[in-house]
Amino acid sequence: MTDNERAARTLKHVLQKPGNGSCADCGADNPEWGSCSLGVFVCLGCSGVHRSIPDLGKVRSLRLSRWEDSEVQFMSERGNDAMNAVYEAALPVYFYKPTHRDCQVLKEQWIRAKYERQEFLENGKKLIYEDETRDGMLMKRGRDNGQFLNRRFVLSLRDGTLKYYTKLDAKEPKAVIKVDTMNACFQPDKIGNPNGLQITYLRDNITRNIFIYHDSSREIVVWFNCIRAAQLHYLKVAFPGATDAELKPKLTRSFLKEGYMEKTGPRQTEGFKRRWFTLDHRRLMYFKDPLDAFARGEVFLGHRDHGYRVTIGLPAGTHYNGTWQYGITIETPERSFLFTCETDTEQKDWMSHFNAVMNTPMSPQEYTVEAYFKQQH
């Protein structure tokens, strides 16, 4: 047996140890790269980030690279669980730990915060995400003209608000957003910028979108985690008896699904028109354009025991003049909504999400939202 074959066999054995079967940084299955600098196993995507950081750049392919005996021994003595216990020892509850499904900027800045800046090594370390106030400039998309312009944003931990100003010296903010009604999620493809962030909040129970970015990927991810820290601070005051595990799911969330469908109007005799749909838990919103500030309409999806139902296809006799063939009907206590999808794959994916939401028990807060929707009808 050659040295290379012996090293490969040993590495294969090390990979079978608990924790080593998924990427140390994003959780992707079957990592095929190893960091000889840190002793962790990572996926192809995360290995590229490691390689770009000078002090961490020693990564090798588990299948194609030549491994020295000392390097194999180094990996064997460490591994993902042991090293994550060190580098994530003091990871705050609010800090977003990305998965392999997340965008590149989140994964890159997570790896840099974890290893390069070593932000989570020890408890008691004051992190910038926990500052009382964050004040800075971000590029914001104009609601009417679609242009991105520099705007001042101020996040207050104490007040639990995010304010933005149209002018640097303006005394009054253009908007005051309460962190408990706010969501933030990265949308690089939709916004057309790798650092694009969508902020969604409720104003008079109507969903409002704003789209921002910063040229610095670190800066936009800092803003994102500052928002999460402010949300956690608010929740700890509002729910003093709740555990961190109970509060963490209430922080920022990704949308369950987005994409185009066709829909018809309430009389179901109007033409089917293509609209952009966003499913944000129980709110199904539709827009003429993905970057619209306000939805054209919203549908509340309650529990199936309360008169909510989703079925494949359109009702018999539906006047249909659209171009897409794969129908979905949502029934609420007030009315039915008819949609069509471009492919059967999209139809099944939307159906899966709708059914999952309708099978989930409703919280007291969601009953309040449901009552508001019923009043609108």
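**Exercise 1. The hairpin of β12 and β13**

Identify which residue takes a positive phi in the hairpin of β12 and β13, and how many residues lie between the strands.

*Solution.*
Step 1. In this predicted model, the hairpin leaves two residues between β12 and β13.
Step 2. The residue with the positive phi is H281, at a value near 55°.
Step 3. The strands flanking this turn are β12, residues 273-280, and β13, residues 283-287.
Step 4. Their pairing is antiparallel and runs over five bridges. Within it, F277 has Y286 of β13 as its bridge partner.

**Exercise 2. The other neighbour of β13**

Determine in which sense β13 and β14 pair, and over how many bridges.

*Solution.*
Step 1. Strand β14 spans residues 297-300.
Step 2. β13 and β14 are joined by four bridges, in the antiparallel sense.
Step 3. One position illustrates the register: E298 in β14 stands opposite M285.
Step 4. Taken with the previous exercise, β13 pairs with β12 and with β14.

**Exercise 3. The two faces of β13**

Establish how many residues of β13 are buried, and assign them to the sides of the strand.

*Solution.*
Step 1. The criterion for burial is a relative accessible area under 20%.
Step 2. By this criterion, five of the five residues of β13 are buried.
Step 3. Side chains in a regular strand alternate between the two faces of the sheet.
Step 4. The assignment places R283, M285 and F287 on one side, and L284 and Y286 on the other.
Step 5. Both faces of β13 are therefore covered, as the residues on each side are buried.

**Exercise 4. The buried side of α4**

Explain why the buried residues of α4 are on the same side of the helix, and state which elements are included in their cover.

*Solution.*
Step 1. Helix α4 comprises residues 80-87, and N80, M83, N84 and Y87 are buried in it.
Step 2. These residues span an arc of only 100° around the axis, so they fall on the same side of α4.
Step 3. The general principle is that an α-helix has 3.6 residues a turn, so residues three or four places apart point the same way.
Step 4. The cover over the buried residues of α4 includes β2 (40-42) and α5 (104-116).

**Exercise 5. The chain as a whole**

State what share of the residues is buried, and what share of the contacts with a separation of 6 or more joins residues 24 or more positions apart.

*Solution.*
Step 1. The protein chain contains 10 helices and 17 strands.
Step 2. Of its 377 residues, 48% count as buried.
Step 3. Residues 24 or more positions apart supply 53% of the contacts with a separation of 6 or more.

Key
Residues numbered from 1 in each chain as written. Predicted model: local features only at pLDDT ≥ 70, side-chain atom pairs only at ≥ 80, totals over all residues. Heavy atoms only, no water. Buried < 20%, exposed > 50% of the residue type's maximum accessible area, 1.4 Å probe, protein only. Contact = heavy atoms within 4.5 Å. Arc of directions from axis to C-beta. Pairing = 2+ DSSP bridges.
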